[in-house]
Amino acid sequence: MTALGGSSDVGLDRPQRRADKERFKFTTFVWLSPAGILLIALFLVPTAYAIYLGFTNLQLLGPHASSFSFTGLANLDRMVHDSVFWSSVKLTLVFVIGSGIIAQTLLGMALALLGQRAHISIRATVGSIVILAWVLPEIAVAFIWYAFGQSGGMLSEIIGKPSDDLLSTVPLLIVCVANAWRGTAFSMLILSAGLRNVPEEVDEAAQLEGAGYWRRLFRITLPIMRPTIMTNMILITIGTISDFTLIYAMTQGGPGNETAILPVYMYIEAFQFNALGYGTAIALSLIVIGGLLSIFYIRQLKPELGKAS
Amino acid sequence: MAKIVLQGVTKLFKGKNSAAVYDLDLEVEDGEFLVVVGPSGCGKTTTLRMLAGFETPSRGVVQIGGKTMNDVMPKDRNLAMVFQNYALFPHMTVEKNLAFGMKVRRTPKASIGREIREIAEMLEISELLGRKPAELSGGERQRVALGRALLRRPQAFLLDEPLSNLDAALRAQMRIELKRIHAQYPVTTVYVTHDQVEAMTMADRVVLMQGGRLQQLATPEMLYDQPVNAFVASFVGSPKINLFPGRVVQDGSGPKVSFLTASYALNGSHGATFDAVSTREVTVGFRPEEIRLATGNDPELPVVKATVELVEPLGSETHVVARVGELVLTCKLPARCGLSAGDTVSLEFDTAQMKLFDTESGIRLG
Amino acid sequence: MTTIDVAEQVMPGKADVLLHASIPTGWKRVRMHKLMVNATLGVLGIVFLLPLIWLVDSAFNTHATASLGAPALSLANFRAALAAGAGGAIKNSLYLAVVSTLIATAVSTLAAYTLSRRRVPFKSTLLLGVLFLTGLPVTLLLIPTYEIFVHLGWANSPFYTSLVLAATSVPFAVWLLKNFIDQVPKEFEEAAAIEGTTEMRILWKIVIPLSLPGILVAAILTFINSWGAFLIPLVLDANPGNTPGAVGIYQFMSANGTVQFGPLAAYGILFSLPVVVLYLVCSRWLNGGFAFAGGVKG
């Protein structure tokens, strides 16, 4: 237009203001501020404060409740020499990897694959049951499995030893089963959706090439679903690693510290042994572990990362 | 290499009232290039999927190479298929895509490499072997899919609208290429398309389906010249055949058909059909090239006055849409015919190929 | 078109004689396979159902134990649960869930729209930050938030507790809604803008209705999360009158020497029912939300 018209209002020395490029408006701040204030006040400030508190001797009650001070690496030093902490790290990993990653992913994948080929009424019924377990408040799940793990509970009756108190003999296994029962629906939903995104013709093409079901599953379907599986694993890890309610309500971390995964250990240290500062340090270690796990998955599941895409 | 036979094949889907494919009898000769064509929903893809084994016939028999296939899994049918959207394995390189089937069949490594090199050279995709499908253009993906099918060394090829995702120029080129490949490897081929041009240009024989039923099985020429009903006549040919309501009456000298403002004495092959008829409603069909500007050379031919509505000069010829009363007709006239909208013209109908259909059933009468 | 369209006219097919000439087909193979699949899935379903059956059975059985008992139909357990304060606790949970859901959804929708449509300085950094917060364990916030609340006198207040619950849901909600609104075609808004509509009106009349499924998913997930909240109210609100259902059940579980399975199961059902019903009513949109999450591309 300018070239054709050569109209006088197009100054050569003035940079033209383009109408198609959106400009920053002041109201943008206004619109973002409610979420911003909420996140800064109740998310970022506490996070920053946590990083500070993790290096202090803050207590819930007692001399350091109000006049706490920066203690440098004392908490870290205590952590390194705290055998309960290390066993708690191990328990956390077992809980996250065993009940979260392995059990939930495998069960969720099995349900998704079976559901894809099952009769619609069976798929819908079983799907609803599994989802119901997930929608139940965590405390209700904790109560159910607390009862199941007791002596005389359903689980001990099923294995034929009704007098066994499974919550004291194999407590970690019981909380893992409870968590798998509760969390499988999430994997099932994500993985079914991912499965629906695998083009049917690709599977059909592989059939015509003579590939049987298992070969197609492992060579075609699962590799195509890799990004979904990875996303699912990261989401499960995030959800499981900070889980508190289920285990605490079932066992309070016991017997002994046998089920005290990091969030539970943090709570015990902070609110039962008064050590808020050390508790925060434990919470900080959770982030480190969660981050390491996520990096690990990404490495494992994306071997092509780094190659030209 | 195999002959394909369908006997009374019917496919019913749950919750559907009408059959997707109804009582289909079909024989595809060894090495034949058969095109199944029809509008969407006519059952052509279902037919192909029953051949491949992805659908099981509700009734009837599917035989490939003399063997009944109803109970044979797709993986054991030894067929190759090219899908509409190619269905390449997205996570594998082109080379792995090509190698997949041979690995499944435990072909020795050395010959896998050699065969892939040969086929890649023939299809001119040698430089693409290291790439993934997402990095290929539509035409390149098409070639890879073809290569994968060829490497299968199947008893028969199944192609499901393989060209529909390509642009017009590439489609024309691939039509020729597919024919060339078929000449080189004369494997029984069933090719499904909704495009009548593909059907006419590529097929040894064409199957035209509609509403789950076979309408006609014939060579392209036969399909064009001798359609069994009005549907076939109007599906094949572009621009479409002109169909006018008409009426056959007897006057003193014999049967006469009247349509538009014209009337024409039926003789020869046409006449015999109507000897015993007193009055009958018919549909009269003329292909666009059978309508031309009146010359007066043959006073027997019916002539109609029409008003030109639209002129479409295509370069080599001109398509003219003209109106006669309530009816509109299309005719193919020579290039630079000098007409423009609003002109009144006299049009002459070449009755040599005139087609008469029963108005109610659409069945061709003569 | 005045030319007769005969495309609809179908040739009359062969008579249905064919119906009798039934020829064996491949259904047997398919059936065997389907049976195995359905049976396996059914068994898995029963395994998952067992705990739920126990919960219902125990709630209606006055002699409930840790294992399945004879079916009974008594409401005594429900009366006992209500006597133990289930009613008040559920009311408290409702307050926490409603307030936090309203706040989180409103705030997140506004932010998600702005991030999706407007030019925001450092937008990608902000989005990355939001994603990072999504993955941050809430446990980390607990102690510092407790300290801050004690100092500011916000502890033991249901409203401030719901604010924390809202804040923990906001990162996920913003992320979900931003992606959802990104999918809403801009043309509708542009058409409205050409008509001279204000942006607030566009948001209300066009963007929100079109992204309602996403907003519902965010709201429902926030609601379910806040409804079951345990650790945050446990730490931030020590006032017995404010105890929400999850904490109430926990206290009831550890209250007496012997666990009262019947009343606890009844309490559990009373407390679970609202979210279960909510889920059933809204499952259509929720599944859509999962299709969305499952479709992530690598």
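**Exercise 1. Find the domains of chain B in this predicted model and describe where they touch.**

Step 1: start with the bounds, which come from an automatic or database domain assignment. Chain B has domain 1 (4–235) and domain 2 (242–358). Residues are numbered from 1 along each chain as its sequence is written, while chains are lettered from A, and ligands numbered from 1, in the order in which they are written. As this is a predicted model, local features need pLDDT of at least 70 and side-chain atom pairs count only at pLDDT 80 or more, but totals for chains, interfaces and linings use all residues.

Step 2: go from centre to centre over C-alpha atoms, and you get 39 Å between domain 1 and domain 2 of chain B.

Step 3: look at the contact (C-beta atoms, placed from the backbone, within 7 Å). Domain 1 of chain B puts in 6 residues, and domain 2 of chain B puts in 6 residues. On the domain 1 side, helix α8 (residues 230–235) of chain B gives the largest share, 3 residues. Helices here are DSSP runs of H or I with at least four residues, strands are runs of E with at least two, and both are numbered from the N terminus.

**Exercise 2. Work out which strands of chain B pair with β16(B).**

Step 1: recall that two strands pair if DSSP finds at least two bridges between them.

Step 2: take β16 (residues 303–313) and β19 (residues 344–349) of chain B: they run antiparallel, joined by 5 bridges. Here B:Thr307 sits opposite B:Thr344.

Step 3: now take β17 (residues 317–324) of chain B, which is antiparallel to β16(B) and joined to it by 6 bridges. In this case B:Leu310 faces B:Val321.

Step 4: check the hairpin of β16(B) and β17(B). It has 3 residues between the strands, and B:Gly315 takes a positive phi near 100 degrees.

**Exercise 3. Locate the bend in helix α2 of chain A.**

Step 1: a bend is the angle between axes fitted to the seven residues ending at a residue and the seven starting there.

Step 2: α2(A) (residues 26–53) bends by about 50 degrees at A:Ser33, and the proline A:Pro34 follows within four residues.

**Exercise 4. Judge the confidence in chain C.**

Step 1: use pLDDT, the predictor's confidence in each residue, from 0 to 100. Chain C averages 80, and 84% of its residues score at least 70.

Step 2: compare helices. Confidence is lowest in α12(C) (residues 261–294), at a mean of 78, and highest in α3(C) (residues 86–117), at 91.

Methods: Two residues are in contact if their C-beta atoms, placed from the backbone, lie within 7 Å.
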